[in-house]
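Here is a quick walk through a few spots worth a look. Have the model open and follow along.

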Amino acid sequence: DQLIKNFSLERIQKGGAIMYPIILCSIIAFAIILERLYYLRRIKIDTIAFMNNIEGALKHNKVAEAVKICEDTEGPIAAIVKAGILKYDRPRQEMREAIEDAGHQEVHGLEKHVKILATIAHISPLLGLLGTVTGMIKAFQVIQVKTSALNPVGTGDLAGGILQALLTTAAGLIVAVPAIVAYHYLEAKVHDFVFEMERSATELINIMSQRIEGY
């Protein structure tokens, strides 16, 4: 509540024009964080149970059933496993290439918007610093004008420039800190998914190899 009070509309206006791109960055960052968290939660599956079902279907030569299991399961792991199963009658190398191609596409989807979040985390403090510079320039302009006119420096005018500098710096940091934390969290989650994808791909290739050797 205190944070919201400190950054009321009046304070935003006192922060100058730099406050508006900082606010825009905060809105974009918040939207990306919510969207990515929802997406990652939606595609999370029990990989062990999923691969057990796939293995059971393939051991009984039910390729169509294995494909159906993949189609009914949302997420990148199911997508790459399906790509491999569809090459069940092809050489092992061709199967691996199909899995790798599907994996590259799925990793791109996992990393969607995350780099934008990283960019926001980097530019928000810079925008705050820019606001600091412009605010201090404004303050020293007041000093110069008042001094050259042989008038005492207006405390209110000087404080206004310093306030602008402090507000923009604080706003930039308020956006940057959670954005950096969220970026590293999402990046770690993406790496976890990539690891699960690689492990599932290796397991599928081993299952398919055993199936072929069993003939």
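N61 is partly exposed, with a relative accessible area of 44%. In this predicted model, N61 sits in the loop between α4 and α5. Its backbone is a bit unusual on paper: N61 isn't a glycine, yet its phi is positive, at about 60°.

H113 has a positive phi too, about 70°, and again it is not a glycine. You'll find H113 in the loop that joins α7 (92–110) and α8 (114–148). H113 counts as partly exposed because its relative accessibility is 30%, which falls between the 20% and 50% cut-offs.

Here's how four residues line up on accessibility:

| Residue | Relative accessible area | Class |
|---|---|---|
| R36 | 2% | buried |
| H113 | 30% | partly exposed |
| N61 | 44% | partly exposed |
| A64 | 61% | exposed |

Now for the exposed entry in that table. A64 belongs to helix α5, residues 63–71, and its 61% makes it exposed. Follow the chain 21 residues from A64 and you can reach I85; the two C-alpha atoms are 9.1 Å apart in space.

I85 itself is buried, and it has company in α6: P76, I77, A78, I80, V81, A83 and G84 are buried as well. With 8 of its 10 residues buried, α6 is therefore largely enclosed by the rest of the structure.

So what does α6 pack against? One partner is α4: helix α4 (residues 47–59) and helix α6 (residues 76–85) pack with their axes 12 Å apart, at an angle of about 20°. Angles under 35 degrees count as roughly parallel, so α4 and α6 earn that label. The crossing of α4 past α6 is right-handed. On the α4 side, T47, F50, M51 and I54 make the contact, meeting I77, A78, V81 and I85 of α6. Sort the residues of this contact by type and you get 7 nonpolar, 1 polar and no charged.

Last stop is α3, which runs over residues 19–43. Its 25 residues reach 36 Å from the first C-alpha to the last, close to the 36 Å expected. The buried residues of α3 are M19, I22, C25, A29, I32, I33, R36, Y39, L40 and I43. In an α-helix there are 3.6 residues a turn, so residues three or four places apart point the same way.

Which residues does R36 touch? Leaving out residues up to four places away in sequence, R36 touches G109, L110, K112, V114 and L186. R36 lies in helix α3 and, at 2% relative accessibility, counts as buried.

Terms used:
Residues numbered from 1 in each chain as written. Predicted model: local features only at pLDDT ≥ 70, side-chain atom pairs only at ≥ 80, totals over all residues. Heavy atoms only, no water. Helix = DSSP H or I, 4+ residues; strand = E, 2+ residues; numbered from the N terminus. Expected span 1.5 Å × (residues − 1). Buried < 20%, exposed > 50% of the residue type's maximum accessible area, 1.4 Å probe, protein only. Axes fitted to C-alpha atoms, helices over the stretch in contact; angles between N-to-C directions. Parallel < 35°, antiparallel > 145°, perpendicular 65-115°, else oblique. Left-handed = near helix turned anticlockwise from the far one by under 90°. Contact = heavy atoms within 4.5 Å. Nonpolar A, V, L, I, M, F, W, Y, C, P; charged D, E, K, R; others polar.
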